[in-house]
Amino acid sequence: MTATETITRELSLEERITRLEDIHEINNLKAKYVEACDNDHDPVAFSELFAEDGSWEGPGHGKYTGRENIKKFIEEIRGDYLWCAHYLIRPWIEISESGTEATAEWYAHIYEVVKDENGNELSELAFARYYDTLSKIDGKWYLQTVRAESSRLWEMGKDWIRA
């Protein structure tokens with residue numbers, strides 16, 4: 001059964017509470033994800049949120065599998081992101097019947113100052129969507145896969161962040 005399939009039996013009160021706690025933990029995990037991005041793209045904090053065999057995929061960056069490869073990727077790109085602020089909205093989280101897998105989606109508004117190919121600063125607003133799968137390993141939730149998709153990217157002008 002996948003996390004998006006409907007649970008066909010009635011859940012006990014204890015199971016319902018566990019699911020609510022799991023949803024809360026998954027929301028907190030994603031909050032830690034964006035905090036690692038917004039905190040100078042901290043490669044250690046970022047990579048530790050993933051399962052050992054987890055993967056991250058994003059437009060213009062490719063796909064990285066395994067915690068160590070994800071960490072190296074973040075180390076490589078962190079100098080290109082001078083400042084970020086991620087705002088996540090409309091979480092959609094589904095827990096599998098087993099309670100050990102989940103799927104989740106978030107819309108994101110990402111304000112950022114990045115370096116272009118010539119080293120110039122660009123202020124941007126990105127509209128994105130995250131599609132995640134998660135695994136509960138030894139009682140703790142980890143990102144199994146993260147796939148980011150951009151829908152819009154708007155250059156905001158050079159001085160908006162200094163105002």
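Helices and strands here are DSSP runs, numbered from the N terminus. Keep that in mind for the element names that follow. And note that this is a predicted model.

Start with the overall fold. The chain has three helices and six strands. In sequence order, the pattern reads α-α-β-β-α-β-β-β-β. Along the principal axes, the C-alpha atoms fill a box of roughly 55 × 30 × 20 Å.

Now packing. The chain has 163 residues, and 37% of them count as buried. Take the contacts with a separation of 6 or more. Of these, 57% join residues 24 or more positions apart. The accessible surface of the chain is about 9600 Å². Carbon and sulfur atoms account for 49% of that surface.

On to the pockets. Rolling a probe the size of a water molecule over the atoms shows where empty space is left. The largest pocket comes first. What is its volume? About 530 Å³. It is lined by 29 residues. Look at the centre of that pocket. The closest lining residues there are Pro59, His61, Tyr81, Glu112 and Ser150.

Which elements each supply at least two residues of that lining? On the helical side, helix 1 (13–38) and helix 3 (67–77). Among the strands, we have strand 1 (50–58), strand 3 (81–95), strand 4 (101–115), strand 5 (121–137) and strand 6 (140–155). Strand 6 gives the most, with five residues.

What about chemistry? The lining of the largest pocket divides into 17 nonpolar, six polar and six charged residues.

Next, the second largest pocket. Its volume is about 220 Å³. Here is the full lining. Glu25, Asn28, Leu29 and Lys32 are in it. So are Ala45, Glu48 and Leu49. Lys140, Trp141 and Tyr142 complete the list.

Which element gives the most to this second lining? Helix 1, with four residues. Strand 6 also supplies at least two residues, as does helix 1. By class, this lining has five nonpolar residues, one polar and four charged.

Put the two pockets side by side. Helix 1 and strand 6 each supply at least two residues to the largest pocket, and each supplies at least two to the second largest pocket. Strand 6 gives the most to the lining of the largest pocket. Helix 1 gives the most to the lining of the second largest.

That is the tour. Over to the group.

Technical notes:
Residues are numbered from 1 along each chain as its sequence is written. This is a predicted model: local features need pLDDT of at least 70, side-chain atom pairs count only at pLDDT 80 or more; totals for chains, interfaces and linings use all residues. Side-chain values use heavy atoms; hydrogens and water are left out. On a 1 Å grid over the protein atoms alone, a cavity is a set of points where a 1.4 Å probe fits but cannot get out, and a pocket is an open set with protein on both sides within 12 Å along at least five of seven lines; lining residues have an atom within 4 Å of a point. Grid points are joined across faces, edges and corners, and a volume is the space filled by probe spheres set on the points. Ala, Val, Leu, Ile, Met, Phe, Trp, Tyr, Cys and Pro count as nonpolar, Asp, Glu, Lys and Arg as charged, and the others, Gly among them, as polar. Buried means under 20% relative accessible area, exposed over 50%, partly exposed in between (1.4 Å probe, protein chains only). Contact means heavy atoms within 4.5 Å. Accessible areas come from the Shrake-Rupley method with a 1.4 Å probe; for residues, only the protein chains shown count as cover.
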